[in-house]
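Open the model in your viewer, keep the sequence panel beside it, and follow the stops below in order. Each stop names what to select and then describes what is found there.

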Amino acid sequence: PDAVVIAVDGPAASGKGTISKLLAQHFKLQHLDTGLLYRAVGLAMLQSGGDLDDPSACEAVAKKLDLTALDPDVLAQHHVGEAASKVAVHPPLRAALLEAQRSFANVEPGAVLDGRDIGTVVCPGAQAKLFITASLEARAKRRHAQAVQKDPSASLEAISADLAKRDARDAGRSNAPLAQANDALLLDTTNLGIDAAFEAARAFVASKL
Ligand code: C5P
């Protein structure tokens, strides 16, 4: 039988990462946060002083990426996410990362992939697709609550403005934009706690497998 694939897409801080992790645990599947790949390219470009707007430089870095050496703590940094979203607009870079994502999706017994274009481009044949979203205000408050733990002066307004800018870039690019697949369940977590959001996701996935 084909490996099970669960595709989870949505904007930053929507809860898609947490829900994907819980789904993978529950259904005993592998989990890939595809944002880490774009973040790794963004970080490598920053470290080499390369031009984030140069498609072929970004493509070259993506092709050389050592996928076993991704450090989630370093990649989680805000400026790395910004760089990721800038390099993610380039079609040759996206093409270079496609193969790795699709081979991951083929592991037995199956995998949960989360990102922006999993249900639409990377794994259009996924058995279950979710599009997780939440209001900008709710997402900014979540990021802010995390940020103040490291820096008590972190500004909610600045975080909100950053999220809005990143969403606009991700949804507005012409190649593989952030978008809900036609057959994806829309899950709005604005007023849902993590338990309720996970339960809705779990029930939907269970109905598809
Ligand atoms: O989800 P995360 O914040 O780690 O993603 C960082 C950036 O990588 C996103 O803002 C987006 O531009 C890009 N990305 C993408 N396609 C994916 C996953 C992430 O374009 N499947």
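Begin with lysine 28, which is found in the loop between α1 and β2 (30-33). Display its backbone, and note that lysine 28 has a positive phi of about 55 degrees although it is not a glycine. Is this residue buried or exposed? Lysine 28 is exposed, because 9 other C-beta atoms lie within 10 Å.

Before going further, please keep in mind that this is a predicted model. The protein averages a pLDDT of 95, and 100% of the residues score at least 70, while the predictor gives the complex an ipTM of 0.99 and a pTM of 0.95.

**The whole protein**

Zoom out until the full chain is in view, and colour it by secondary structure, where 10 helices and 5 strands can be found. The C-alpha trace spans about 45 × 40 × 30 Å along its principal axes. The radius of gyration is 17 Å, which agrees with the value near 17 Å that a compact globule of 209 residues would have. Of the 209 residues, 41% count as buried, and among the contacts with a separation of 6 or more, 78% are between residues 24 or more positions apart.

**The ligand**

Now select the ligand and show what lies around it, a shell of 15 residues in which the closest are Gly35, Tyr38, Ser85, Ala88 and Gly115. Which helices should be highlighted here, as suppliers of at least two residues each? They are α2 (35-48), α5 (78-87) and α9 (156-172). If you colour the shell by class, you will find 5 nonpolar, 5 polar and 5 charged residues.

**The nonpolar cores**

Turn next to the largest nonpolar core, which has 29 residues, and select Val5, Ile6 and Leu113, the ones that touch the most other members. At least two residues of this core come from each of β1 (4-9), α1 (16-27), α6 (91-105), β3 (110-115), α7 (118-122), β4 (128-133) and α10 (194-208). The most is given by β1, with 5 residues. To see how one of these positions is surrounded, centre the view on isoleucine 6, which, not counting residues up to four places away in sequence, touches Leu23, Leu29, Val112, Ala126, Gln127, Ala128 and Val205. Another core, of 18 residues, lies apart from this one, and its members include Leu43, Met45, Ala88 and Val89.

**The loop between β1 and α1**

Follow the chain into the loop between β1 and α1, where proline 11 is found. Proline 11 counts as buried because it has 20 C-beta neighbours inside 10 Å. Not counting residues up to four places away in sequence, proline 11 touches Thr133, Arg139, Asp167, Asp170 and Leu178. For a distance to check in the viewer, pick the C-alpha atoms of proline 11 and alanine 154, which are 143 residues apart along the chain and separated by 21 Å.

Alanine 13 is found in the loop between β1 and α1 as well, and it has a positive phi of about 65 degrees although it is not a glycine. Alanine 13 counts as buried, since it has 22 C-beta neighbours inside 10 Å.

**A cis peptide bond**

Move to proline 109, in the loop between α6 and β3, and show the backbone that leads into it. The peptide bond from glutamate 108 to proline 109 is cis, with omega near 0 degrees.

**Leucine 136 and alanine 176**

Select leucine 136, which lies in helix α8 (residues 136-150). With 16 other C-beta atoms within 10 Å, leucine 136 is partly exposed. Leaving aside neighbours within four places in sequence, leucine 136 is in contact with Ser160, Leu163 and Ala164. Leucine 136 and serine 14 are 122 residues apart in sequence, yet their C-alpha atoms are 8.9 Å apart in space.

End the tour at alanine 176, in the loop between α9 and β5 (185-188). Alanine 176 counts as buried, because it has 20 C-beta neighbours inside 10 Å. Which residues does alanine 176 touch, not counting those up to four places away in sequence? They are Arg94, Asp117, Thr120 and Val121. As a last distance, select alanine 176 together with valine 89, which are 87 residues apart in sequence and 8.4 Å apart in space, C-alpha to C-alpha.

Terms used:
Residues numbered from 1 in each chain as written. Predicted model: local features only at pLDDT ≥ 70, side-chain atom pairs only at ≥ 80, totals over all residues. Near = placed C-beta within 6 Å. Helix = DSSP H or I, 4+ residues; strand = E, 2+ residues; numbered from the N terminus. Nonpolar A, V, L, I, M, F, W, Y, C, P; charged D, E, K, R; others polar. Core = buried A, V, L, I, M, F, W, Y, C linked by C-beta atoms within 7 Å. Buried ≥ 20, exposed ≤ 12 C-beta atoms within 10 Å, placed from the backbone. Contact = placed C-beta atoms within 7 Å. Rg over C-alpha atoms; globule rule 2.2 N^0.38 Å. pLDDT = per-residue confidence, 0-100.
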